[in-house]
Amino acid sequence: NIPPDVPVLKRPVNGSIVRGTSVTLKCYPVSGATRYHFQLSSHPSFADSAEIEWGENQAGWGGVLDGDGKTWYWRARTYNGITYSPWSAPWHFKNGP
């Protein structure tokens, strides 16, 4: 089985500052993908208890942040009903007030 393409991340832009307490993670749509899996973590290794969410046929996910100046790391992968793509290269953003 051929995995779907790795998604290309869209926003928040790598290295940007996200103000406030909400964030929307977006990637560009991938042909043949039926689900998008987003992972958000305060550690670049994603080894902590990362928040994991699925988006059924949606290339985006919205979440709540604490607005404390922390750096967050995020990545995405796709699913085509049979298999997963590899994870995208992670991007990071800083959460400001």
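How much area does the chain expose, and what share of it do carbon and sulfur atoms supply? About 5,300 Å² is exposed, and carbon and sulfur account for 50% of that. Keep in mind while looking through these views that this is a predicted model.

**View 1. The whole chain is built from strands, with zero helices.**
Eight strands make up the regular structure here, and reading along the sequence simply gives β-β-β-β-β-β-β-β. The radius of gyration comes out at 13 Å, close to the 13 Å the globule rule gives for 97 residues, so the chain is as compact as a globular protein of that length. Along the principal axes, the C-alpha atoms fill a box of roughly 45 × 25 × 20 Å. Of the 97 residues, 36% count as buried. If you like contact maps, look at the long-range part: among contacts between residues at least 6 apart in sequence, 62% join residues at least 24 apart.

**View 2. The largest nonpolar core holds 17 residues.**
Leu25, Tyr36, Phe38, Leu40, Leu65, Trp74 and Phe93 are the ones with the most contacts inside this core. Three elements each give two or more residues to it: β3, β4 (35-41) and β7 (71-79). As background, nonpolar side chains in soluble globular proteins tend to be buried together.

**View 3. Phe38, Trp74 and Trp91 form a cluster linked by ring pairs.**
The structure holds three aromatic pairs. Take Trp74 and Trp91: their ring centres are 6.1 Å apart and their planes sit at 90°, so this pair is edge-to-face. Trp74 belongs to strand β7 and Trp91 to strand β8, so the pair ties together parts that are 17 residues apart in sequence. How accessible are the two partners? Trp74 is buried, at 0% relative accessibility, whereas Trp91 is partly exposed, with a relative accessible area of 24%. Phe38 and Trp74 also appear among the core residues with the most contacts.

**View 4. Arg75 puts its charged end over the ring of Phe46 and over the ring of Trp87.**
For Phe46, the charged end of Arg75 is 3.9 Å from the ring centre. For Trp87, the distance to the ring centre is 4.6 Å. Arg75 also turns up in the contact list of Ser88, which is the subject of the next view.

**View 5. Ser88 is a buried loop residue.**
Ser88 lies in the loop between β7 and β8 (91-96). What makes this serine count as buried? Its relative accessibility is 5%, and the cut-off for buried is under 20%, so Ser88 qualifies. Leaving aside neighbours within four places in sequence, Ser88 is in contact with Val6, Pro7, Leu9, Arg75 and Ala76.

**View 6. A cis peptide bond runs from Arg11 to Pro12.**
Omega for this bond is near 5°. In general, most peptide bonds are trans. Pro12 is placed in the loop between β1 (9-11) and β2 (16-19). Arg11 and Pro12 are both contacts of Thr24, along with Trp61 and Gly62, once neighbours within four places in sequence are set aside. Thr24 itself lies in strand β3 (residues 22-27) and is partly exposed, at 40% relative accessible area. For a sense of scale, the C-alpha atoms of Thr24 and Gly81 are separated by 24 Å, with their positions 57 residues apart along the chain.

**View 7. Asn80 touches Gly32, Ala33 and Thr34, among others.**
Asn80 is in the loop between β7 and β8. Its contacts also include Ile2, Pro3 and Pro4, not counting residues up to four places away in sequence. Is Asn80 buried or partly exposed? Asn80 is partly exposed, at 22% relative accessibility. Ala33, found in the loop between β3 and β4, counts as buried at 14%. Two C-alpha distances help place this region. Asn80 and Tyr36 are 44 residues apart along the chain and 9.2 Å apart in space. Ala33 and Gly81 are 48 residues apart in sequence, with 7.7 Å from C-alpha to C-alpha.

Note on methods. Residues numbered from 1 in each chain as written. Predicted model: local features only at pLDDT ≥ 70, side-chain atom pairs only at ≥ 80, totals over all residues. Heavy atoms only, no water. Helix = DSSP H or I, 4+ residues; strand = E, 2+ residues; numbered from the N terminus. Buried < 20%, exposed > 50% of the residue type's maximum accessible area, 1.4 Å probe, protein only. Contact = heavy atoms within 4.5 Å. Core = buried A, V, L, I, M, F, W, Y, C linked by side-chain atoms within 4.5 Å. Phe/Tyr/Trp six-rings, centres within 6.5 Å; stacked < 30°, edge-to-face > 60°. Lys NZ or Arg CZ within 6 Å of the ring centre and 35° of its normal. Rg over C-alpha atoms; globule rule 2.2 N^0.38 Å. Areas by Shrake-Rupley, 256 points an atom, 1.4 Å probe, with all protein chains shown as cover.
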